[in-house]
Amino acid sequence: MKTRSLLFLLVLLAGVFVSAAMKPNSTPPAAKDALECAPGEISACGLPSNVVIDLSKAKVQRTEAQWRARLTAMQYRVAREQGTEPPFRNEYWDSKADGVYFCVGCDTPLFDSRHKFDSGTGWPSFWQPLEKAFLGEERDVGFGMIRIESHCVKCGSHLGHVFEDGPRPTGLRYCINSASLKFKLRADYDKWVAQGGAAN
Ligand SMILES: [Zn+2]
């Protein structure tokens, strides 16, 4: 009798555990901003963009085959499909080289290394773009967050997101994917400017 009631209790307890484990988690984990995240943690910056950019308005038009021929798989995923590359494992996050970052899709100069700062996020971060007119912005409400998506106006390539927790003087943080950028050293940039800034 004693064994039987003990067995009954065990079955009852197991049932409680199973039902607790199967209960759906109704509150999704809040996505933290990248600055609050440890490396590898999911951040606002690390989530792909949910914005669908109207590419028909972009001035540079390429066919899918042309885009794929021009870009690596990662560049295509990020710039053309609004993806996100991994933090700390991308080309420019830690780069201190003096020069200018161009759009990978159309060779428009977008960011200057003089405006780059170490945000601790693992992505190249700038407190201002070279020319604000070269960047388009969209409200991105994916993943339960409101973020400002940033893209190149000339070719529509997705760049990253803009946050309002950057350093002075702008207080902005352009959190940009390396995969969307192509770096030119200052001397090469000056040469490019002297030649009239022809697209490659
Ligand atoms: Zn572009």
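Helices (H or I, at least four residues) and strands (E, at least two) are DSSP runs, numbered from the N terminus. The structure is a predicted model, in which local features need pLDDT of at least 70, side-chain atom pairs count only at pLDDT 80 or more, and totals for chains, interfaces and linings use all residues. Residues are numbered from 1 along each chain as its sequence is written.

**Exercise 1.** Determine how many helices and strands the protein chain has, and in which order the elements run.

*Solution.* The count comes to 4 helices and 9 strands. Read from the N terminus, the order is α-α-α-β-β-β-β-β-β-β-β-β-α.

**Exercise 2.** Identify the residues covered by the UniProt annotation "binding site" and state their largest C-alpha distance.

*Solution.* According to the unreviewed UniProt entry, the annotation covers Cys 103, Cys 106, Cys 152 and Cys 155. These residues are spread over 53 residues of sequence, yet they cluster in space, with a largest C-alpha distance of 8.7 Å. UniProt positions are given in the numbering used here, feature names are shortened, and annotations may be inferred rather than shown by experiment.

**Exercise 3.** Locate Cys 152 and Cys 155, and classify each as buried or exposed.

*Solution.* First, the location: Cys 152 belongs to strand β6 (residues 147–152), whereas Cys 155 lies in the loop between β6 and β7 (158–163). Next, the criterion: a residue is buried if 20 or more other C-beta atoms lie within 10 Å of its own, exposed if 12 or fewer, and partly exposed in between, with C-beta atoms placed from the backbone. Cys 152 is buried because it has 25 C-beta neighbours inside 10 Å. Cys 155 is buried because 22 other C-beta atoms lie within 10 Å.

**Exercise 4.** List contacts of Cys 155 and Cys 152, leaving aside neighbours within four places in sequence.

*Solution.* Two residues are in contact if their C-beta atoms, placed from the backbone, lie within 7 Å. On this basis Cys 155 touches Ala 58, Val 60, Cys 103, Gly 105 and Cys 106. The contacts of Cys 152 include Cys 103, Cys 106, Phe 134 and Leu 159.

**Exercise 5.** Describe the sheet that contains β1 and its strand pairing.

*Solution.* Two strands pair if DSSP finds at least two bridges between them. An open sheet of 3 strands has the order β2-β1-β9, with antiparallel pairing. Its edge strands are β2 (109–112) and β9 (181–185), each pairing on one side only. Strand β1 (residues 99–103) is joined to β2 by 3 bridges; Val 100 has Asp 112 as its bridge partner in β2.
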